[in-house]
Structures are given as structure tokens and as C-alpha cells.
Amino acid sequence: MKTKTLRPWSIIARRELASYFQSPVAYIVTALFLLFSGILFFSTFFLVNRAELRAFFELLPLLYSFFIPALTMRVFSEETKTGTMETLVTLPIKTTDIVAGKYAASFLASIILIAPTVSYVAACMIFASSGIDAGPIVGGYLGAVFLAAAFTAIGIFSSAVTKNQIVAFFLSMSICIFLTMVQAFSVFIPGAMVNVATFLSASAHFRSVARGIIDSRDVLYFLSITLAFLVMTASVLENKKRG
């Protein structure tokens, strides 16, 4: 029987994921995310007496804008700071494998971040007097996956351009918040630019998916954002190789 050889990107992903779980930052970020998301859910659950996830999903893009950058800020910045980036980029592996491995681990970490919130669904199923509408819940979590994919790509790009984790965090957070909030400021921009702001809005596309309606334009938006920032990350690493 032949031994299956792991591809370079999967080896990097495993290494990165193991490093993630060895870091206390990961547990702190996850705990804080669950704290804030729990406040959003249970404030509706107890104060308004409604067993639903609407408030949670409405503010999820904003929550992701802070917590995904916190998860991804060290992905490349730590390698650059410690000097292991030079070794990584000179290894006989493709730049795309490095980016794919780092991205896969970070994306999985962002999914793990939201996974415990499935318990909110269980609470709604138990306490909702008239039952729950599964469509928006499934759509909300599917939208969360798309959103995590895009914001994770932004996060690793920001980490690739600087060796300072704090700078990487603020750069990534700024881009994510811009994409999250751009539609909210459409009242202050010329009418001709409103459609552009709506198209750029991650929140608008997320809400569309969260309603349970899968539109190809929304899927294309998230895939385009993800691919664009992954390509830019690969370009940054290629420049470092040549430098």
C-alpha cells in the first residue's frame, strides 16, 4: 500500500492550525467573541422576550470586522518578526501553497469561532412558542461562512504587508469596517455613487444571503473579495522572495 503524501499547502495548514491552538490569543479572541455575540442573542432572548437570531446576524459583520483581524494578525507578521519568513519563502514550495495553507488554517479558525453559536439555535428551538423559520438561520450561517472567507483573506493580506501585528490588526479591521459600513454612509455621497457603495457593502450582500435567498451576485461578491486579497497576498510574498 502506498503512503499518501501530503501536499505542501496541507502541511502548512496543519502547522498553522496547531500553532493557533497553542496560542492563548486564540482562546481569548474566541471567548470575547462568544461574550459579545451572547450579549446580542440573550438581550433579545430575555429583554425583548423573543427567541430569534435576528439581532445576532444583523451585527455579525461588525463583530467579524474586529475578531477575524484579531485571529489573522499574526499569520505572516509573526513569521516576519521572528525571521522565519525568510526561510519560508526560500523553501522549494510554491507561493500559492504558502498562501493556501495559511489561508485554510485561518479560515477554519474563523469557522471554529462561530461554531459554538449553534447552541443559540438549540435555545430558539426549545423556547420559541411558534417554532423557528429554518431558512433565515441556515442562510445566516451560510452568509457567515462567505463573510468569514472574505474577511480572512483580508486579514492574511494585512498580516503579509507588515511585521507588526498591531498594524496588521488595524489595517485589516479598517478594511473590514469600511466594507461593513460603507452602505450606511451612502446618504452622504452623490447619488451616482450609491449603487457603488451598495455593491461594495459586505453587510448588504450578507443580509441578502441571510434572508435565505442565494443570489449568484452575492456569491460572486464574496468569492471576488476573497480571491482578490489572496492574489495580493501572493504578490506580496513573491516580492519578498525577489527582495
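Select Ser159 to start the tour: once its neighbours within four places in sequence are set aside, Ser159 is in contact with Thr72, Met73, Arg74, Val75, Phe76, Ser77 and Ala168, where contact means heavy atoms within 4.5 Å. The model on your screen is predicted, so local features need pLDDT of at least 70 and side-chain atom pairs count only at pLDDT 80 or more, while totals for chains, interfaces and linings use all residues. Residues are numbered from 1 along each chain as its sequence is written, and side-chain values use heavy atoms, with hydrogens and water left out.

**Stop 1: around Ser159**

Ser159 is found in helix H8, residues 134–160; helices here are DSSP runs (H or I, at least four residues) and strands are runs of E of at least two, numbered from the N terminus. Is Ser159 buried or exposed? Ser159 counts as buried because its relative accessibility is 0%, and the words are used as follows: buried means under 20% relative accessible area, exposed over 50%, and partly exposed in between, with a 1.4 Å probe and protein chains only. Now add Phe76 to the selection: Phe76 and Ser159 are 83 residues apart along the chain, yet their C-alpha atoms are separated by 5.1 Å.

**Stop 2: the salt bridges**

Arg74, one of the contacts of Ser159, leads to the next selection. Arg74 forms a salt bridge with Glu16, and the closest N and O atoms are 3.1 Å apart; a salt bridge is a side-chain nitrogen of Lys or Arg within 4 Å of a carboxyl oxygen of Asp or Glu. This pair links distant parts of the chain, since Glu16 sits in helix H1 (residues 8–22) and Arg74 in the loop between H3 and helix H4 (77–82), 58 residues apart. Both Glu16 and Arg74 are buried.

Keep Glu16 selected and add Lys102, with which Glu16 also forms a salt bridge, the closest N and O atoms being 2.8 Å apart. Here again distant parts of the chain are linked, with Glu16 in helix H1 and Lys102 in helix H6 (residues 95–114), 86 residues apart. Glu16 counts as buried because its relative accessibility is 5%, and Lys102 is buried with a relative accessible area of 0%. Salt bridges that share partners join Glu16, Arg74 and Lys102 into one network.

How many salt bridges does the rule give? The count comes to three, and to see one of them away from Glu16, select Arg217 and Asp215, whose side chains meet in a salt bridge at 2.8 Å, N to O. Arg217 is exposed, with a relative accessible area of 60%.

**Stop 3: Thr117 and Val145**

Next select Thr117, in the loop between H6 and helix H7 (118–127). Thr117 is buried, with a relative accessible area of 0%, and, not counting residues up to four places away in sequence, Thr117 touches Phe33, Leu34, Ser37, Phe56 and Tyr141.

Then move to Val145, which has its place in helix H8 and is partly exposed, with a relative accessible area of 34%. Leaving aside neighbours within four places in sequence, Val145 is in contact with Phe107 and Ile111. The C-alpha atoms of Val145 and Ser110 are separated by 8.6 Å, although these residues are 35 places apart along the chain.

**Stop 4: helices H3 and H12**

Select helix H3, residues 54–72, and follow its 19 residues from the first C-alpha to the last: the helix reaches 27 Å, close to the 27 Å expected at 1.5 Å a residue, where the expected span is 1.5 Å times one less than the number of residues. Where in H3 does the kink lie? The kink, of about 50°, lies at Leu60, shortly before the proline Pro61; the bend at a residue is the angle between axes fitted to the seven residues ending there and the seven starting there.

Glu238 takes you to helix H12 (residues 216–242). Glu238 is partly exposed, with a relative accessible area of 30%, and its C-alpha atom is separated by 6.9 Å from that of Thr95, 143 residues apart along the chain.

**Last stop: the whole chain**

Finally, display the whole chain, whose secondary structure comes to twelve helices and zero strands. Buried residues make up 47% of the 243 residues. Of the contacts in the chain with a separation of 6 or more, 76% are between residues 24 or more positions apart.
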